[in-house]
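Student: Could you take me through the charged side chains here, with a close look at how they pair up and where they are left unpaired?

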Amino acid sequence: MLDFGKRIERMRLAQKISRQEFCGDESELSVRQLIRIERGESRPTLTKLKYIANRLGIEDFKLMPDYVELEKDYLQLKYYLMRTPTYEDENIAKEKEKIFDKIFDEYYDDLPEEERIIIDILQAYDDFGLQNDDSNLEMILQDYFTQILIKTEYEVNELLIIKLFLLRLVHPNTLLDEKEKHKCTIIANNILQQLDKFDLDYVFIVRDSLLLLLGIFEKMSDYTRFEKILQELNDLTSKTYDYQKKPIIRIWEWRYALFSKQNYQMAENFFQEAKIFAKMINNSYLIEQIEKQWQSDLQNYFKNKN
């Protein structure tokens with residue numbers, strides 16, 4: 001998709017057509033959608049492909065001869081897997097397992113390579129998070145992660161792979177060496193520097209990566225980036241009206257208040273807000289875990305003070 005997007009951009013620029021001129025009244029294609037397509041972040045529908053080809057003055061099959069439009073049912077299943085946190089909820093885990101089975105049975109063999117990679121990544125994420133199975137995770141990281149480290153700007157698939165890398169490091173049984181700490185610092189700086197370039201449709205992937213980075217930096221006893229990351233997380237969730245991760249953000253805010261700022265009252269306020277947001281998304285398991293985490297953190301806080 002990146003090669004395809006760059007080709008469209010080259011042809012558009014060769015004809016000296018701005019994105020605004022190319023999209024016209026945006027009834028067929030918006031400027032934001034064109035940007036995502038040219039960056040290789042979005043696969044155009046057949047209707048948009050025909051519109052692009054017409055604007056460029058060529059036939060659509062010449063623009064992308066091997067084009068296969070992704071089915072709407074598949075896209076709905078994929079976005080559910082990408083956007084739905086499990087929170088160790090058994091019912092959600094079972095639902096996601098059924099969706100994976102459906103995708104592998106009905107769609108996977110006919111998907112383009114970049115879509116197969118996305119499904120493989122999502123499967124590896126759940127395998128490691130729910131079953132502690134890192135076999136698929138390690139295979140994907142070995143194939144792709146070295147190339148990602150060279151880059152300073154990330155696309156959707158790269159962000160998903162970065163999430164896998166961070167998920168492994170944040171695990172309690174993983175020891176961090178200096179090389180991995182350095183990699184995390186590079187990744188954090190790159191993400192924070194390009195936040196305004198990410199499309200809002202995929203900002204939840206950025207959000208999850210930032211949350212994992214908080215866990216890793218806490219393992220490193222490095223709180224220097226906490227305020228910046230927490231601020232950006234709150235901005236992202238406000239822009240997207242995303243309440244699913246608000247409880248988790250509040251947990252990190254109270255931990256930062258307790259263990260870095262040594263401010264009990266501020267932490268207690270964040271604890272209460274975490275429970276409120278968990279109730280809003282109707283997740284009783286999460287409410288229970290918030291209570292347990294708060295009590296555990298309080299014990300450590302007062303133990304350290306004494």
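Tutor: Happy to! One cut-off comes up right away: a residue counts as exposed over 50% relative accessible area, as buried under 20%, and as partly exposed in between. This is a predicted model, and in it D110 has a relative accessibility of 63%, so D110 counts as exposed. D110 sits in the loop that runs between helix 7 (90-106) and helix 8 (113-131). Together with E71, D73 and D109, D110 makes up a patch of negative charge on the surface.

Now for the charges that do find partners. The count comes to 27 salt bridges. One of them joins E9 to K6, with 3.9 Å between the closest N and O atoms. E9 and K6 are three residues apart in helix 1 (residues 2-14), so about one helical turn separates them. The two ends of this pair are covered to their own degree: E9 counts as buried because its relative accessibility is 19%, while K6, at 37%, counts as partly exposed. K6 and E9 also belong to a network of salt bridges that links them with R12, R19 and E38.

Another pair worth opening in your viewer is E180 with R168, whose side chains meet in a salt bridge at 3.5 Å, N to O. E180 lies in helix 11 (residues 178-193) and R168 in helix 10 (residues 156-170), so this pair ties together parts that are 12 residues apart in sequence. Both E180 and R168 are buried. Finally, R225 and D222 form a salt bridge through their side chains, at 3.3 Å from N to O.

Technical notes:
Residues numbered from 1 in each chain as written. Predicted model: local features only at pLDDT ≥ 70, side-chain atom pairs only at ≥ 80, totals over all residues. Heavy atoms only, no water. Patch = residues over 30% accessible without salt bridge, like charges linked within 9 Å, V, L, I, M, F, W, Y side chains within 5 Å. Areas by Shrake-Rupley, 256 points an atom, 1.4 Å probe, with all protein chains shown as cover. Salt bridge = Lys/Arg side-chain N within 4 Å of Asp/Glu carboxyl O. Lys, Arg positive; Asp, Glu negative; His and termini not counted. Charge placed at Lys NZ, Arg CZ, Asp CG, Glu CD. Helix = DSSP H or I, 4+ residues; strand = E, 2+ residues; numbered from the N terminus. Buried < 20%, exposed > 50% of the residue type's maximum accessible area, 1.4 Å probe, protein only.
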